[in-house]
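Grab a coffee and work through a few exercises on disulfides, cavities and aromatic rings. Try each task yourself before reading its solution.

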Amino acid sequence: LKMSWFWFYVPLHLLMAACLCHSIKAPTTSSQQSFKTDLFNFYHSLMLADGKETTVHLLKDIPKRYYFVLEEGRALAPFTITVTPCDVPIEWSILVHKASASFLGKAARGDHDTEEVSKSQKAPSMVSTIFNYKGNSVETYMGMSSHSALYMLEFLSTERDTHITVYLTTDTTSGQLYPELPVDPRIDVVGIGHTTVTLTWKHSPSVLQHRENIQYCLLVNEKHNYKSLCAAETAIRSSGMKLPPTLALSLSPYLLEPQQVMILSNSELSIINKASSGEVRQICMGTKNTYTVLNLSPSTQYYFDVFIVNLLTNASAAYTGTFARTLEEPEPKVMELKDGKVIQVVLDGKKQKFYSLQYQARHKKIQFTFQLCRGQVRVHITKNGKTVALENISGLRYFLLKGKLLDTYLVQLRSTEESNSSVKVQVSPHFHKPLFPLLPESLKIKSFSKLRTCNSVTIAWLGTQEESKYCVYKKRIEEDQVWMELRSADRCSGPESRHKSEKVLCKYFYDINLQRAVTTETIKGLDAGTLYLFDVYLFGPSGIPVRYHSKVVKTRKKC
């Protein structure tokens, strides 16, 4: 800021002349008046607007200066300046022309980086620096002048290009632009769980006065706290995410980016941004001052910031941020597997938790059988702590393992999708007596387009060398039901879950020659131009069915 004095004086006399031209009413010629008007308009862009928040963009190492004038009119002229850094720490100063003979001022919120500089310091006789600040906190300076004065604000960023907001007001009697914080602006953590944190904070006086125009917004992230709303917005944008105009999130609709998820519930608006550095959540909950953040990760430190936002002006104030670490995830309960017993496990895709099964071998050779019912499942099998199998399963999967008596096997199952998955599991030493029937090479059902008519469809499927029972079922569906029917199909469920009217036929079939182990069936009595869902169930000696992949076929509309 060594050049401050020089740059203050360069426009000083021109600005003072321009301002005096408007404040002193004296007779002038038309040419003089035109010159003074042009001069004032030239420097008008450098003048800070009174009562309006101004966004200032700063280039690295290049100072930027703004001016404002306090005209004589009252015994004391109060003013307030609030500067909000939106990224890195900045330096800023207030300089005043010595025409202000009597000056009183103070920093509303000071810290170790803030100092007031007296007029007696070494400086040119006409100008003095009355305030300096360096940091990234929101800083408010309140001053009072008894004479007309010209002030200059100088801003400098030495780290990188950035932007700030500046708010100047000389009206200290009417309502403030920024919502008011309580005397104690801290956020209290009142509850911590494995995946939840409960927070509370004292009400803002602004909520009590203007409840319909004020709301609280909570920011949750895994990096650090933010001292202002614009600092939070800047950090999130720099991580590659595009935000709505403000975290206050006006009620007007807008489009979310692909990495954003919006959740609306109980008059709350929550936006979750997915980023490589972790997710960032913004939750606006109206005027509630207690909130429980759900679906957090166990044993993870989170930072919480609460902003009180004026919905009419988008101006905000920040509570003092806090942080909390969720509890460690408890050891998963382990279920004992018994020889020959089949169990079905439902896995929560959202929580991505492991489901553990344990088995102590009573034979040297054992076989694990997995039948995928829904979704996608990852299987991890260890023997005495060492991995013996690890893969994502589909359909029916067998693992034949060799070991010693009393070896301990641990099976861990996890859904690889966000939706729930389910799987049937069996372990048995009697692998020569399979629980499930012998399966063909493919469980797909084929339809023949050329054989379709207005009231019939012909389908085919593969069989095996083992005589087995096959049952065919049909179901009439609508166009908008296709995806959901295929997605939600439980491949472990048998015909007992179907309505009797959906049954078409049952037949026995096999062929020693696998090349000829194919069967076809023509289903008649269908409606023209209608979608049907066809299923085939295969029954083995144990009576447990295996469901082929569903097939959707539409009959011809015209024949």
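Below are four exercises, each with its solution worked step by step.

Before you start: this is a predicted model, in which local features need pLDDT of at least 70, side-chain atom pairs count only at pLDDT 80 or more, and totals for chains, interfaces and linings use all residues. Residues are numbered from 1 along each chain as its sequence is written, and side-chain values use heavy atoms, with hydrogens and water left out.

**Exercise 1. Find which cysteine is joined to Cys86, and work out the handedness of the link.**

Step 1: look for a pair of cysteine sulfur atoms within 2.5 Å, which is the cut-off for a disulfide. Cys86 pairs with Cys230, with 2.1 Å from S to S.

Step 2: check the torsion. About the S-S bond of Cys86 and Cys230 it is about -95°, so this disulfide is left-handed.

Step 3: place both ends, using helices (H or I, at least four residues) and strands (E, at least two) as DSSP runs numbered from the N terminus. Cys86 sits in the loop between strand E3 (77–85) and strand E4 (90–97), while Cys230 belongs to helix H4 (residues 229–238), 144 residues away.

Step 4: check accessibility, where buried means under 20% relative accessible area, exposed over 50%, and partly exposed in between (1.4 Å probe, protein chains only). Cys86 has 1% and counts as buried; Cys230 is buried too, at 15%.

**Exercise 2. Do the same for Cys471 and Cys506: are these cysteines buried or partly exposed?**

Step 1: the two are joined by a disulfide, 2.0 Å from S to S. With 110° about the S-S bond, the link of Cys471 and Cys506 is right-handed.

Step 2: Cys471 lies in strand E31 (residues 468–477) and Cys506 in strand E32 (residues 503–509), so the bond ties together parts 35 residues apart in sequence.

Step 3: Cys471 is buried at 3%, but Cys506 is partly exposed at 31%.

Step 4: now zoom out. There are five disulfides in the structure, and with the bonded cysteines numbered in sequence order the pairing reads 1-3, 2-4, 5-8, 6-10, 7-9.

**Exercise 3. Work out which residues line the largest cavity.**

Step 1: set up the search. On a 1 Å grid over the protein atoms alone, a cavity is a set of points where a 1.4 Å probe fits but cannot get out, and lining residues have an atom within 4 Å of a point.

Step 2: run it on the whole structure, and one cavity of 30 Å³ or more turns up. The volume of the largest cavity is about 80 Å³.

Step 3: list the lining: Gln371, Leu372, Gly395, Leu396, Leu439, Leu443, Arg491, Val546, Arg547 and His549. Strand E23 (365–374) and strand E35 (545–547) each give at least two of the lining residues.

**Exercise 4. Decide how the rings of Phe68 and Tyr151 are arranged.**

Step 1: rings of Phe, Tyr and Trp (its six-membered ring) pair if their centres lie within 6.5 Å; planes under 30 degrees apart count as stacked, over 60 as edge-to-face and the rest as tilted. That rule gives 20 aromatic pairs.

Step 2: for Phe68 and Tyr151 the centres are 4.8 Å apart and the planes are at 5°, so the pair is stacked.

Step 3: Phe68 is in strand E2 (residues 64–70) and Tyr151 in strand E8 (residues 149–156), so the pair ties together parts 83 residues apart in sequence. Both Phe68 and Tyr151 are buried.

Step 4: compare with Phe368 and Tyr409, an edge-to-face pair with 5.8 Å between centres and 65° between planes.

Terms used: 1 Å grid on protein atoms, 1.4 Å probe; cavity = no way out; pocket = protein on both sides within 12 Å on 5 of 7 lines; lining within 4 Å. Points joined across faces, edges and corners; volume = space filled by probe spheres on them.
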